[in-house]
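Colleague: I am new to this model and would like a close look at a single part of it, the paired strands and the turn that joins them. Please set that part in the context of the whole chain, and explain each term as you go.

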Amino acid sequence: MTAWRTLFTYNKYASITARALRASLKEEERVIAEKRGVTNTRFQKWESGVGGQQVLVNEVAEKK
């Protein structure tokens, strides 16, 4: 078993390594890579087979 598995999950490991890689890039490439790393999650309530309005999860968190 590798040493990093005793400390954190694979998702945390991948996040740390991605952040380190982006930090090592030149400014132009770093900005492009950071934009790709941003994700937005939406949810939509369905009733009777019809989808409702899509809502960004970040907007819901900000309202609370």
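Modeller: Two strands are said to pair if DSSP finds at least two bridges between them, and strands themselves (E, at least two residues), like helices (H or I, at least four), are DSSP runs numbered from the N terminus. By that rule strand β1 (residues 42–47) pairs with strand β2 (residues 50–56), since five bridges join them, and the two run antiparallel.

Before going further, a word on what you are looking at: this is a predicted model, in which local features need a pLDDT of at least 70 and side-chain atom pairs count only at pLDDT 80 or more, while totals for chains, interfaces and linings use all residues. Residues are numbered from 1 along each chain as its sequence is written, and side-chain values use heavy atoms, with hydrogens and water left out. The pLDDT is the predictor's confidence in each residue, from 0 to 100; its mean for this chain is 79, and 83% of the residues reach 70 or more. Among the elements, helix α1 (residues 10–24) has the highest mean pLDDT, 87, and helix α3 (residues 57–63) the lowest, 56.

The chain has three helices and two strands, and read from the N terminus its elements follow the order α-α-β-β-α. The two strands form a hairpin with two residues between them. One residue of the turn deserves a pause: Ser48, in the loop between β1 and β2, has a positive phi of about 55 degrees although it is not a glycine. Most residues other than glycine have a negative phi. Ser48 is also exposed, with a relative accessible area of 80%; here exposed means over 50%, buried under 20% and partly exposed in between, using a 1.4 Å probe and protein chains only.

Across the hairpin, individual partners can be followed from strand to strand: Phe43 has Val55 in β2 as its bridge partner, and Trp46 stands opposite Gly51 in β2. Gln54, also found in strand β2, is partly exposed at 44% relative accessible area. When residues up to four places away in sequence are left aside, Gln54 touches Arg42, Phe43 and Gln44, where a contact means heavy atoms within 4.5 Å. The C-alpha atoms of Gln54 and Thr41, which are 13 residues apart along the chain, are separated by 9.9 Å.

As for cover, strand β1 has hardly any, for the count of buried residues among its six residues is zero. That can be set beside the chain as a whole, where 5% of the 64 residues count as buried. The chain exposes about 6100 Å², of which carbon and sulfur atoms supply 54%, the accessible areas coming from the Shrake-Rupley method with a 1.4 Å probe.

Strand β1 also brings us to the charged side chains. A salt bridge is counted when a side-chain nitrogen of Lys or Arg lies within 4 Å of a carboxyl oxygen of Asp or Glu, and a search of the whole structure finds two. One links Glu47 with Lys45, their closest N and O atoms being 3.7 Å apart, and both of these residues are exposed. The other joins the side chains of Arg30 and Glu27 at 2.6 Å, N to O; these two are three residues apart in helix α2 (residues 27–37), which means that about one helical turn separates them.

To complete the setting of the hairpin, Tyr10 and Tyr13 in helix α1 also lie three residues apart, about one turn of the helix. Tyr10 is exposed, with a relative accessible area of 52%, whereas Tyr13, at 30%, counts as partly exposed.
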